[in-house]
Each structure stands twice: as C-alpha cells, then as structure tokens.
Amino acid sequence: IENRLHWSLDVAFDEDQSRVRTENAAQNLVVIRHAALNLLRKSEHVRGGIARKRRKAGYDTEVLSQIINLPLASTA
C-alpha cells in the first residue's frame, strides 16, 4: 500500500531503485532521506515540489544553506 510518505520518498529520492543492502546502510539512508524530506517540506525559500527543491539544492549551495538553515560559508 502506497502512502504519502512512501510516495514522496519514491518520487523525490527514487527510493524504490535503491540497491543498498549491506549491514545497516539501508536503514541509515532511510533516516537521512526522512530528515531531508522533512527539511524540504518545511522550506519556504524555494517554490515547487519536493523533487524540484531537492534538485535546486543540489545545484546551488546558497539554496542548500537556506533549506538547512546554515549560513553560507565564505570561500575567501
């Protein structure tokens, strides 16, 4: 049965295609994905769906910093 959480994880993170099977790696990645999903849902800095927010955060470190509420580190 597909619920909203599983559907969101599958669409945004392509979780069904994950082939991680060793020791606790799969469980660890689930925890990380859930945390990332919660941050993306609460983010109001980027408009759009979860998958779009995730892509934007991957392309732009400023957007990533806004989503996780960390100040952007200067590169000077």
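Helix H2 (25-42) and helix H3 (50-59) are part of what covers the buried residues of H4. Those buried residues are Val 63, Ser 65 and Ile 67, in a helix that spans residues 61-68. Keep in mind that this is a predicted model. The rest of this briefing starts with H4 and works outwards to the core, the surface and the chain as a whole.

**The ends of H4**
- At the N-terminal end, the cap comes from Asp 60, with a side-chain oxygen 3.0 Å from the backbone nitrogen of Glu 62.
- Past the other end of the helix, Asn 69 follows H4 and has a positive phi, near 60 degrees.

**Ile 67 and its neighbours**
- Ile 67 is one of the buried residues of H4.
- Leaving aside residues up to four places away in sequence, Ile 67 touches Leu 39, Leu 40, Ser 43, His 45, Lys 53 and Ala 57.
- Two of those partners, Leu 40 and Ala 57, turn up again alongside Ile 67 in the largest nonpolar core.

**The nonpolar core**
- The largest nonpolar core counts 10 residues: Leu 9, Ala 12, Phe 13, Leu 37, Leu 40, Val 46, Ile 50, Ala 57, Val 63 and Ile 67.
- Every helix chips in here: H1 (4-13), H2, H3 and H4 each bring at least two residues to this core.
- H1 is the top contributor to this core, with 3 residues.
- From H4, buried Val 63 and Ile 67 are both on the core's list.

**The surface side**
- Ile 68 sits in helix H4 too, but it counts as partly exposed because its relative accessibility is 34%, between the 20% limit for buried and the 50% limit for exposed.
- Ile 68 joins Leu 39 and Leu 64 in a nonpolar patch on the surface, and together the three have about 210 Å² of accessible area.
- Leu 39 therefore has two roles to look at, since it belongs to that patch and also touches Ile 67, with contact meaning heavy atoms within 4.5 Å.

**The chain as a whole**
- The chain has 4 helices and 0 strands, so reading along the sequence gives α-α-α-α, with helices taken as DSSP runs.
- Of its 76 residues, 22% count as buried.
- Its accessible surface comes to about 6,100 Å², and carbon and sulfur atoms account for 53% of that.
- Looking at contacts between residues at least 6 apart in sequence, 38% link residues at least 24 apart.

How values were computed. Residues are numbered from 1 along each chain as its sequence is written. This is a predicted model: local features need pLDDT of at least 70, side-chain atom pairs count only at pLDDT 80 or more; totals for chains, interfaces and linings use all residues. Side-chain values use heavy atoms; hydrogens and water are left out. Buried means under 20% relative accessible area, exposed over 50%, partly exposed in between (1.4 Å probe, protein chains only). Accessible areas come from the Shrake-Rupley method with a 1.4 Å probe; for residues, only the protein chains shown count as cover. A polar contact is a pair of N or O atoms within 3.5 Å; within protein, one must be able to donate a hydrogen and the other to accept it, and residues adjacent in sequence count only if both atoms are side-chain atoms. Patches are made of residues with over 30% relative accessible area and no salt bridge: like charges are joined within 9 Å, nonpolar side chains (Val, Leu, Ile, Met, Phe, Trp, Tyr) within 5 Å. A salt bridge is a side-chain nitrogen of Lys or Arg within 4 Å of a carboxyl oxygen of Asp or Glu. A nonpolar core is a set of buried Ala, Val, Leu, Ile, Met, Phe, Trp, Tyr and Cys residues joined through side-chain atoms within 4.5 Å.
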